[in-house]
Amino acid sequence: RVKASCSVASNEVRASVERNEGLPRGRERLKGFLKLFYTCFALLVMYSLRSGLGSGLTKQFGALVEGVDLSRNLSDATVNALKRDLYEHRLLIFRGQGEIKGSRQVEISEWFGEVESTFSKHPRSPHPDIFRVSNDAAQGCTSVGRSGWHIDGTFMERPFKVQTMHFWACPKEGGSTLFAPLREIAESLRKDASFEWDRLHFVTNRRTDYALVHPLICVHPVTGDATMVFHLGRHFMDAIVEAGGTENRVLSEEEVQRVCTILKDKCEETEWCLDFRWQPGDFAIVDNRALAHYAHSSTQADPRRAGLRILHRTTVAGDCRPVK
């Protein structure tokens, strides 16, 4: 698929032609031709999307975006097209973006709403809203994303809706992130008789003085698709409750372990699990409410052996509570 977008450079040239009111009358035809040329040039500047198995991603989700330089300001038309593509593909990856400034990464994040930071501030972070992650404690926060499959912000009333990931450095080996599609997992669980999945609720009070209860299976507020809210790290999970019948029931520890095992196995099904190996300069925009993710164990490999890993991450505040 190819998306039309407006080139900032061509717009600027076209605008300069339009402002040149002092041209001799004999050059009016040339002026008109130039206006037409730059208008057509702007329309021909496009970015392309590569998705499906041929892209190195999965057939269910993800797209590589080509022809976009994120370090430059983009037209409103391009930004709006990328936003639509995110909700269609759930994961957009831009390769070869170099080292984008922290302030610019925050600007890109703000395409989707207000940036909300709930994480530790590392002294090497280039911006207060950038979460700097590394396999070297001197370079960034370590052991991030290793607690279990999750979406970000389950400890909040309104989980984050989008996250961005930008890699300034990648190890020579490993360092990948695993992604899994929540719509497909939810639909698969509804065929599983182990539990009444639509009645289960995830409970946490990690960041509050009261219990937060989220439906395990809910509705994506933008697409209307089935999606899920969970964090399989037990530090983030206080209980799982079966609700919606004649009475609510707290699942036993054995049942919770079964639920977690089933969810982990579903996330890691080879049919749709993406184990994505990053390259320096990669920039990703992730629909946090549509994909679960998990940092591979190799993300914490000794930097002296594997090489340094530096990730700059932002999170965009959620705008609604998960509902069934």
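**Exercises on an open sheet and its aromatic pairs**

In this predicted model, 4 strands form an open antiparallel sheet in the order E9-E8-E12-E13. Residues are numbered from 1 along each chain as its sequence is written. Local features need pLDDT of at least 70 and side-chain atom pairs 80 or more, whereas totals for chains, interfaces and linings use all residues, and side-chain values use heavy atoms, without hydrogens and water.

**Exercise 1.** Determine which strands stand at the edges of this sheet, and find the bridge partner of His201 in E12.

*Solution.* Strands are DSSP runs of at least two residues, numbered from the N terminus, and two strands pair if DSSP finds at least two bridges between them. Strand E9 (212-215) and strand E13 (249-250) each have a single partner strand, so one side of each is left without a neighbour in the sheet. Strand E8 (residues 200-204) pairs with strand E12 (residues 239-242) in the antiparallel sense over 4 bridges, and the partner of His201 there is Val241.

**Exercise 2.** Classify the ring pair of Trp149 and Tyr294, and state which parts of the chain the pair ties together.

*Solution.* Rings of Phe, Tyr and Trp (its six-membered ring) pair if their centres lie within 6.5 Å, with planes under 30 degrees apart counted as stacked, over 60 as edge-to-face and the rest as tilted. By this rule there are 8 aromatic pairs. Trp149 and Tyr294 lie 5.8 Å centre to centre with 40° between the planes, which is a tilted pair. Trp149 belongs to the loop between strand E5 (131-134) and strand E6 (162-169) and Tyr294 to strand E16 (residues 291-295), so the pair ties together parts 145 residues apart in sequence.
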